[in-house]
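Please study the structure shown below and work through the exercises that accompany it. Each task is followed by a worked solution.

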Amino acid sequence: MDSNVSRRGFLKAAGAITASAYAAKSIPAWATPPDKGSVAVVPPLATFPYSDVQLLDGPMKRQFEENHTRFLNLDDDRLLKVFRQVAGLPSPGEDMGGWYDLTGFSLVRNDFHGFIAGHSFGQYLSALARAYAVTGSEPTRAKVNRLVKGYAETLDPAAKFFVDYRLPAYTYDKLSCGLIDAHEFAHDPMAMDVHERLTRAIVAYLPEKALSRQEQRSRPHKDTSYTWDETYTLPENLFLAYQRSGDSFYREMAKKYLEDDTYFGPLSQGNNVLPFEHAYSHVNAFSSAMQAYITLGSEKHLRAAKNGFEMLLTTQSFATGGWGPDEAFGEPARGQLGDSLALTHASFETPCGAYGHFKITRYLLRVTKDAKYGDSMERVLYNTILGAWPIQADGTSFYYSDYATTGKKVWYGQKWPCCSGTFPQLAADYHISTYLRAADGVYVNLFTPSRVQWNDGSGRYGLTQETRYPFDSKIEIKVSASRASEYTLYVRIPAWATPDPVLSVNGKRVSDPVQPGTFAAVRRTWNEGDRVELELPMPLRLEPVDANHPNLVALLHGPVVLFAVADSQPSFDRKALLTAKPANNAAADWLATSAGESTVTMRPFMNIDKENYSTYVLLKS
Ligand SMILES: [Zn+2]
C-alpha cells in the first residue's frame with residue numbers, strides 16, 4: 001500500500017491541522033488554504049471558493065445559468081449510454097448524436113457522428129460539480145452522484161472502453177477532471193476511488209511519454225487520427241489529483257507526461273516552438289507547466305508557461321484576444337493572421353480557447369500578480385466567449401468565431417463537440433476569475449456585477465460591484481463588514497485606461513498615482529458602507545491585425561472590439577474611425593463614417609446575432 005494513503009486519510013480527518021499549517025505560512029485566518037496536499041509553491045494569490053462569489057444580473061450570470069440548466073436537464077441515460085454499451089450493460093435512452101456516439105458516419109442522418117464516444121462526459125460532470133459549488137443546488141449534487149455511480153458501474157479493471165479508441169489521453173483527461181471535481185466540489189464519496197481505478201487502467205493505452213503530433217505521425221497505428229491525441233495536456237489534472245488525494249502515483253505519472261523535450265524545454269529557453277502546433281491543446285498545456293511549477297517547484301516550467309503565453313500574445317493573437325486560425329499557430333512575422341482573414345472562417349475555437357485562456361491567465365496572475373494577465377482575460381471574455389450562442393438542447397453548439405473579411409456567427413456542424421464541454425466549465429469559472437485573495441487583501445480582477453463574501457474568525461466581510469462595464473466607464477464597489485477590518489483592496493487598472501483613471505474612496509480621490517497596467521492598492525480600515533469608485537478613461541484606438549498588414553485594423557473602445565456591421569469589408573479614414581460616436585442604443589453600438597461617406601454601425605461581438613460583420617476594416621490613410 002502506498003504510504004500516502006494513510007497520510008491522505010489523516011489530512012481528510014484533520015482539516016483544522018491543514019488550516020493551521022497554512023496559517024503558519026502567514027496567510028491570515030480569513031484566507032482558507034489555496035491548495036491541499038503537497039505543493040512546493042503557494043502562489044501569492046489564491047482563488048476564492050466558488051461558493052464565496054455570486055454573479056449578479058448580467059451576461060456572465062446568464063451564461064452560467066444557461067449552461068447549468070442545460071446540463072442539469074440532460075438525461076443521465078443518454079450521457080451514460082456509450083459506456084454501458086461497451087460494458088454490455090442495458091443501455092436505455094436515446095443516442096446523444098454528434099461526436100458522442102459509438103458508431104461512425106450515419107448515411108441515414110448524413111451526419112458524421114461517433115467521432116470520440118463519450119469524450120465530453122467528464123467535462124459535463126466537472127461543470128456540474130463546479131455549478132454545485134457555486135449554487136449549493138441539491139439536484140445538481142444528486143446528479144453528480146448518479147453520474148459518478150453510473151460511470152463506475154461501466155468501468156472494468158482493464159478499462160476496455162479504450163480498446164481501439166482513437167484518442168485515449170484526450171478523453172481520459174476529461175474524465176479525470178470530472179472525477180476529481182466531483183470529489184473536490186460536490187464531495188462525491190466514490191469519485192476519487194473511481195478516478196484511481198480508471199487511471200491505473202488507462203496507463204496500458206498511453207504511450208510512454210507525451211508525444212508531439214510529429215512524433216505520433218512517425219508511429220504506425222491502424223487509425224491515422226490517433227496522431228491527434230493530446231498526451232501533453234494530462235499533467236495538469238494529474239497534479240491536481242495528487243494535491244487532492246496525496247497519492248504520489250499521480251504526481252509521478254504527471255511528471256512522465258510533461259512535454260519537456262519538444263515544447264516546455266525550448267519554450268523555457270525562449271525558443272518559439274508554437275508554429276504549426278494545434279492551438280487550443282498547446283495553450284491548455286501551459287496549465288500543465290504551471291502545475292509542474294506549483295507542485296514540483298520547477299522554475300523551468302514557470303518560464304515555459306510565461307514565455308509561451310507571451311509568444312501567444314505577441315505573435316498569435318487577434319485584437320479580440322482570440323488566436324489560432326484553423327486551430328493552428330503560424331510562423332511569426334509572416335503576416336499569417338492578416339492572411340487568415342481571406343482564407344478561413346474558423347478563426348478562433350471559442351469556448352475551448354477561452355477556457356484554456358482563462359486557466360492560464362488565472363495561474364499566471366496568481367503567481368506573478370501582474371495585471372496584464374487580467375487585461376488579457378477580459379479581452380477574451382468580452383470579445384469572444386460572451387458572444388458565443390448558448391448550447392442547444394440537442395447539442396448544437398457554437399464553436400468557431402469568424403474574423404474573415406466578411407464574417408458571421410454560425411452553429412458548428414456536429415452536435416456535442418469539444419466546445420460543448422469547455423463552455424459550462426468556463427461559465428462556472430467566471431466565479432473564481434473575478435476576485436482573488438492575497439495574504440494582505442483582495443484583488444478585484446474582472447469588473448462585473450457580482451459579490452464576494454468571506455469570513456475571518458471575527459466577522460463576515462464582502463464586496464459588491466455594481467457596473468455596466470464595459471459599456472460604462474464607472475465601477476462602484478460597496479464594502480460590507482460586520483466589524484471594521486484592515487486590509488488592502490487591489491483594483492486592476494487596465495493598461496489601455498489612459499490618461500487618467502480616477503479611483504475614489506467615499507467620494508475622495510485616492511492620492512497615490514493610479515497607474516494603468518497595474519493593480520491600484522488601497523490599504524485602510526474598511527467599514528460597512530464604504531464605497532469605492534473607479535472611473536476608467538476608455539479611448540478609442542486602432543490595432544492592426546499584424547505588422548505585415550498595417551492597414552487592416554480593429555477599432556477598440558476600452559476592452560471591447562467594435563465590429564463593423566456590413567455585408568462587405570468597409571474602408572475608413574483613420575480619423576473617421578477614431579471619432580466614431582456612441583449610438584446610445586441597447587446594442588451598445590458606435591457609428592462611424594466610412595470613406596464612401598456612409599454611416600457604418602460598429603457593434604460589440606456580444607451583441608451581434610445573425611448579421612454579417614467585419615472584425616478588421618480597411619484603413620485608407
Ligand atoms: Zn472546442
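The exercises below concern confidence, a metal site, a helix and the spaces within a predicted model.

**Exercise 1. Determine how confident the prediction is, and where pLDDT stays under 50.**

Step 1. The protein has a mean pLDDT of 92, and 91% of its residues reach 70 or more.

Step 2. Residues 1-35 are the stretch over which pLDDT stays under 50. For these residues the model has 50 contacts beyond four places in sequence.

Step 3. Where pLDDT is low, the predicted coordinates should not be read in detail.

**Exercise 2. Identify the residues that coordinate the zinc ion and establish the arrangement of the donor atoms.**

Step 1. Coordination of the zinc ion is provided by Glu 349 through OE and by Cys 352, Cys 418 and Cys 419 through SG, at 2.1 to 2.3 Å.

Step 2. The angles subtended by the four donor atoms run from 94 to 124°. Four donors count as tetrahedral if all angles lie between 85 and 135 degrees; the arrangement is therefore tetrahedral.

Step 3. Along the sequence, the spacing of the donor residues is E-x2-C-x65-C-C. Glu 349 lies in strand 5 (residues 348-349), while Cys 418 lies in the loop between strand 6 (400-401) and helix 18 (419-434); the pair is 69 residues apart and links distant parts of the chain.

Step 4. Buried means under 20% relative accessible area. Glu 349, at 5%, is therefore buried, and Cys 418, at 4%, is buried as well.

**Exercise 3. State which residues of helix 15 are buried and name elements that cover them.**

Step 1. Helix 15 spans residues 336-343, and its buried residues include Gln 336, Leu 337, Gly 338, Ser 340 and Leu 341.

Step 2. Among the elements covering these buried residues are helix 14 (299-315) and strand 18 (552-557).

**Exercise 4. Describe the largest cavity and the second largest pocket, with the elements that line them.**

Step 1. Two cavities of 30 Å³ or more are found in the whole structure. The largest cavity has a volume of about 80 Å³.

Step 2. The lining of the largest cavity includes Phe 83, Tyr 151 and Leu 198. Helix 4 (76-87) and helix 6 (138-154) each give two or more residues to this lining, and helix 4 gives the most, with three.

Step 3. The second largest pocket has a volume of about 570 Å³. Its lining has 33 residues, of which Leu 313, Ser 317, Phe 318, Arg 379 and Glu 543 lie nearest its centre.

Step 4. At least two lining residues of this pocket come from each of helix 14, helix 15, helix 17 (371-383) and strand 17 (540-544). Helix 17 supplies the largest share, six residues.

Definitions and conventions
Residues are numbered from 1 along each chain as its sequence is written. This is a predicted model: local features need pLDDT of at least 70, side-chain atom pairs count only at pLDDT 80 or more; totals for chains, interfaces and linings use all residues. Side-chain values use heavy atoms; hydrogens and water are left out. Donors are N, O and S atoms within 2.8 Å of the metal (3.2 Å for Na, K and Ca); water is not among the atoms, so sites may look incomplete. Four donors count as tetrahedral if all angles lie between 85 and 135 degrees; four count as square planar and six as octahedral if opposite donors are over 155 degrees apart and all others between 65 and 115; anything else is irregular. Helices (H or I, at least four residues) and strands (E, at least two) are DSSP runs, numbered from the N terminus. Buried means under 20% relative accessible area, exposed over 50%, partly exposed in between (1.4 Å probe, protein chains only). pLDDT is the predictor's confidence in each residue, from 0 to 100. Contact means heavy atoms within 4.5 Å. On a 1 Å grid over the protein atoms alone, a cavity is a set of points where a 1.4 Å probe fits but cannot get out, and a pocket is an open set with protein on both sides within 12 Å along at least five of seven lines; lining residues have an atom within 4 Å of a point. Grid points are joined across faces, edges and corners, and a volume is the space filled by probe spheres set on the points.
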